[in-house]
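The exercises below are meant to be worked through with the sequence and the model side by side. Try each task before reading its solution.

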Amino acid sequence: MGGAFAEYMVLPAAAAVPVPVGWGDEQALGMVVNWPTALAALKPLGRIEAGQTVLIHAAAGGTGQVAVRLAKHYGATVIAAASPGKHEVVLALGADHVIDSRATDLAGEVLRLTGGAGADLVLESVGGAVLDASLAAAKRVTGRVVVYGVAGGEAAITNWELVYEHQVHLIGLNIGTLIQAAPQIFGEVMGEMSALLAAGVLGPGRPPPTSWPRGPRRSRNWRRGPPWASWLCCLERECSVRLAGTGLGADVEAFPLAAEEAEDLDRAFARGAEPVR
């Protein structure tokens, strides 16, 4: 992603961040992946303010956890969407409400929790049918939906729907594009991040080590329908990486494939899913 497998790469000065003294490289990974994505989605693009309500999808993921912490720091009421087994993790981060990310009526749950008003801001990293639920869950006219991931596949929205059904602000976020096209905004994000570090709001993470032998040569991005848009997988099954975002702002979770997921990949191979290098 973005030249990450190269020994050297060229990028704008605003995108270069020194590793704080005493931090390991792996601890500082969030400084250029999760944290800027969450910050950009919440502040310059999402315009979050104290007293507002934010819905955060994939709240137990890397970017989602940071977004929950930061939204609470900024004084927002947080509705976090996560699978049932991760609710305690999200609540421990400070979420005010946690809803089942697999629920059939996500928008209805959000509207119930907000007295029918909807969320002022939605951080959307799932895609697929969840995007439609996110639009329905946002406050009419003034609500903002920041989209920074496609883990659940592509979704379609028409101009008719934006005019007559979902009158909201729909904003796309890709950190790589933000760095290139609006370095001044990215500079503001990194300045805010430095202040949060100095204040102790953010600290070094400890991601688990993951073996990924021959990753650059073996990796493929499967795009033929969900969930293949969200997998970057080694052909060796023990080292898969799930992408819950796109570009330099991707939320990367490394984990072993479960048996049923390996079977899904086998079926995708059998159907002739086409790899994109």
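Helices here are DSSP runs of H or I with at least four residues, strands are DSSP runs of E with at least two, and both are numbered from the N terminus. The model is a predicted one.

**Exercise 1. An overview**

Task: Find how many helices and strands the protein has, and what share of its residues count as buried.

Solution: Counting by the definition just given, the secondary structure comes to ten helices and eleven strands. For burial, the cut-off is a relative accessible area under 20%, and 43% of the 277 residues count as buried. The accessible surface of the protein comes to about 13600 Å², and 56% of that surface belongs to carbon and sulfur atoms. Finally, among the contacts between residues at least 6 apart in sequence, 62% join residues that are at least 24 apart.

**Exercise 2. Helix α2**

Task: Compare the expected span of α2 with the distance between its end C-alpha atoms, and then work out which of its residues are buried.

Solution: The expected span is 1.5 Å times one less than the number of residues. For the twelve residues of α2 this gives 16 Å, and the end C-alpha atoms are 17 Å apart, which agrees. The buried residues of the helix are T63, G64, V66, A67, V68, L70 and A71. To read such a list, recall that an α-helix has 3.6 residues a turn, so residues three or four places apart point the same way. The next step is to ask what covers these buried residues, and the cover includes α1, β1, β2, α3, β4 and α8. Just after α2, G75 takes a positive phi of about 90 degrees.

**Exercise 3. Two positive phi angles outside glycine**

Task: Locate R47 and A58, and decide for R47 and for A58 whether the residue is buried, partly exposed or exposed.

Solution: Begin with R47, which has a positive phi of about 50 degrees although it is not a glycine. R47 is found in the loop between α1 (34-42) and β1 (53-56), and its relative accessible area of 42% makes it partly exposed. Turn next to A58, whose phi is also positive, near 50 degrees, in a residue other than glycine. A58 lies in the loop between β1 and α2 (62-73), and with 29% relative accessibility A58 counts as partly exposed.

**Exercise 4. Aromatic pairs and a charge over a ring**

Task: State how many aromatic pairs there are, and explain why the pair of W23 and W35 is classed as it is.

Solution: The count comes to two aromatic pairs, taking ring centres within 6.5 Å as the limit. In one of them the rings of W23 and W35 have their centres 6.1 Å apart and their planes at 90 degrees, so this pair is edge-to-face. W23 lies in the segment before α1 while W35 lies in helix α1, so the pair ties together parts that are twelve residues apart in sequence. W23 counts as buried at 18% relative accessibility, and W35 is buried with a relative accessible area of 5%. In the other pair, the rings of W160 and Y164 have centres 5.4 Å apart and planes at 40 degrees, so this pair is tilted. W160 and Y164 both lie in helix α6, four residues apart, which is about one turn of the helix. W160 counts as exposed at 52% relative accessibility, and Y164 counts as exposed at 58%. A ring also appears in another setting, where the charged end of K43 sits over the ring of Y74, 4.4 Å from the ring centre.

**Exercise 5. Two buried loop residues**

Task: Describe where D120 and A138 lie, and list what D120 and A138 are in contact with beyond their sequence neighbours.

Solution: D120 lies in the loop between α4 (106-113) and β4 (121-124), and at 10% relative accessibility D120 counts as buried. The side chain of D120 reaches the backbone nitrogen of T53 at 2.8 Å. Leaving aside neighbours within four places in sequence, D120 is in contact with Q52, T53, K139, T142, G143 and R144.

A138 is found in the loop between α5 (129-137) and β5 (144-147), and at 2% relative accessibility A138 counts as buried. With neighbours within four places again left aside, A138 is in contact with G118, A119, V122, G143, V145 and V168. As a last step, take A138 together with Q167: they are 29 residues apart in sequence, and their C-alpha atoms are 8.9 Å apart in space.

Terms used: Residues numbered from 1 in each chain as written. Predicted model: local features only at pLDDT ≥ 70, side-chain atom pairs only at ≥ 80, totals over all residues. Heavy atoms only, no water. Buried < 20%, exposed > 50% of the residue type's maximum accessible area, 1.4 Å probe, protein only. Polar contact = N/O pair within 3.5 Å; in protein donor to acceptor, adjacent residues only side chain to side chain. Contact = heavy atoms within 4.5 Å. Areas by Shrake-Rupley, 256 points an atom, 1.4 Å probe, with all protein chains shown as cover. Phe/Tyr/Trp six-rings, centres within 6.5 Å; stacked < 30°, edge-to-face > 60°. Lys NZ or Arg CZ within 6 Å of the ring centre and 35° of its normal.
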